[in-house]
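Dear colleague,

I am passing on the structure below, together with my notes on what turned up when I went through it. Please read the notes with the model open beside them.

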Amino acid sequence: GENEISTRITTEPSSEKLQRIKIFSEYALHPRINEVSYGCFIDGYFKEAILNSFIEVVEKVKTRAKNPTKKIKNRTVELDGDELMNRVFSCDNDNVPIVQFNQLSDTLEKSEQRGFMNIYKGIIGLRNKKAHKNFIQTDPYKTIEYLALASLLMRLLDEY
């Protein structure tokens, strides 16, 4: 009758969600970055989308480098963070990088290698802050640019 309240559950996305889907679809992100960040991004969980993408890059570095380790006392420990990036990418102090972006034949090429290493090291700090600090990321455009950075780093690992 007239006193009945009808409730309707809608499965149609909100206009905000449609906008996020549109923003995300404008970028052809690396397939793995797409996979680990899409759901969070379109649901508005921007911090989580960024964190997932940076974790994916670090995991790719580890697998690409065959999980480098170090000995601590009698234990073997997997490298992570700056130590991982230094081992995988550094061309200084007689270190032969596991992943080389060029032939390292002159100072310009070594400088480029260091530049890439520093970008990979930079995401470690960003990943750590996103994982350990509560904050709200609200800007979808800035978020997609973080995801684009992760995507670029994944593509570089695929190519070299």
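Which residues of α6 are buried? Those of α6 (140-159) that count as buried, meaning under 20% relative accessible area, with exposed being over 50% and partly exposed in between (1.4 Å probe, protein chains only), are P140, T143, I144, L147, A150, S151, L153, M154, L156 and L157.

Before going further, please note that this is a predicted model, in which local features need pLDDT of at least 70 and side-chain atom pairs count only at pLDDT 80 or more, while totals for chains, interfaces and linings use all residues. Residues are numbered from 1 along each chain as its sequence is written, and side-chain values use heavy atoms, with hydrogens and water left out.

Overall layout

The chain has six helices and two strands, taken as DSSP runs (H or I of at least four residues for helices, E of at least two for strands) and numbered from the N terminus. Read from the N terminus, the elements follow the order α-α-α-β-β-α-α-α. Buried residues make up 36% of the 160 residues in the chain. Of the contacts (heavy atoms within 4.5 Å) with a separation of 6 or more, 58% are accounted for by residues 24 or more positions apart.

The core and the helices around it

The largest nonpolar core, a core being a set of buried Ala, Val, Leu, Ile, Met, Phe, Trp, Tyr and Cys residues joined through side-chain atoms within 4.5 Å, has 34 residues, of which F41, V57, V61, M85, F89, Y120 and L147 touch the most other members. At least two residues of this core come from each of α1 (15-25), α2 (31-42), α3 (46-64), α4 (81-89), α5 (107-132) and α6 (140-159). Leaving aside neighbours within four places in sequence, V57 is in contact with I33, Y120, I123, A150, L153, M154 and L157.

The buried residues of α3 are F46, K47, A49, I50, L51, S53, F54, E56, V57, V58, V61 and K62. One of these is S53, whose relative accessible area is 0% and whose side chain reaches the backbone oxygen of I50 at 2.7 Å, a polar contact in the sense of a pair of N or O atoms within 3.5 Å, where within protein one must be able to donate a hydrogen and the other to accept it, and where residues adjacent in sequence count only if both atoms are side-chain atoms. Not counting residues up to four places away in sequence, S53 touches I33, V36, L147 and A150.

The lengths of two helices can be checked against an expected span, defined as 1.5 Å times one less than the number of residues. For the 19 residues of α3 the expected value is 27 Å, and the end C-alpha atoms are 27 Å apart, which agrees; for the 20 residues of α6 it is 28 Å, and the end C-alpha atoms are 28 Å apart, which also agrees. The N-terminal end of α6 is capped by D139, with a side-chain oxygen 2.8 Å from the backbone nitrogen of Y141. After α3 comes K66, whose phi is positive, near 60°.

The hairpin

Strand β1 (residues 69-72) and β2 pair in the antiparallel sense over four bridges, pairing here requiring that DSSP finds at least two bridges between the strands. K71 has T76 in β2 as its bridge partner. Two residues lie between the strands of this hairpin, and K73 takes a positive phi near 55°.

Salt bridges

The structure holds eleven salt bridges, each a side-chain nitrogen of Lys or Arg within 4 Å of a carboxyl oxygen of Asp or Glu. In one of them, D43 and K17 have their closest N and O atoms 2.8 Å apart, and this pair links distant parts of the chain, with D43 in the loop between α2 and α3 and K17 in helix α1, 26 residues apart. Both are partly exposed, D43 with a relative accessible area of 39% and K17 with 25%.

A further salt bridge joins D80 and R127 (3.4 Å, N to O), linking the loop between β2 (75-78) and α4, where D80 sits, to R127 in helix α5, 47 residues apart. Here D80 is partly exposed at 34% relative accessibility, whereas R127 is buried, with a relative accessible area of 13%. Salt bridges link E59, K62, E78, D80 and R127 in a network.

With best wishes
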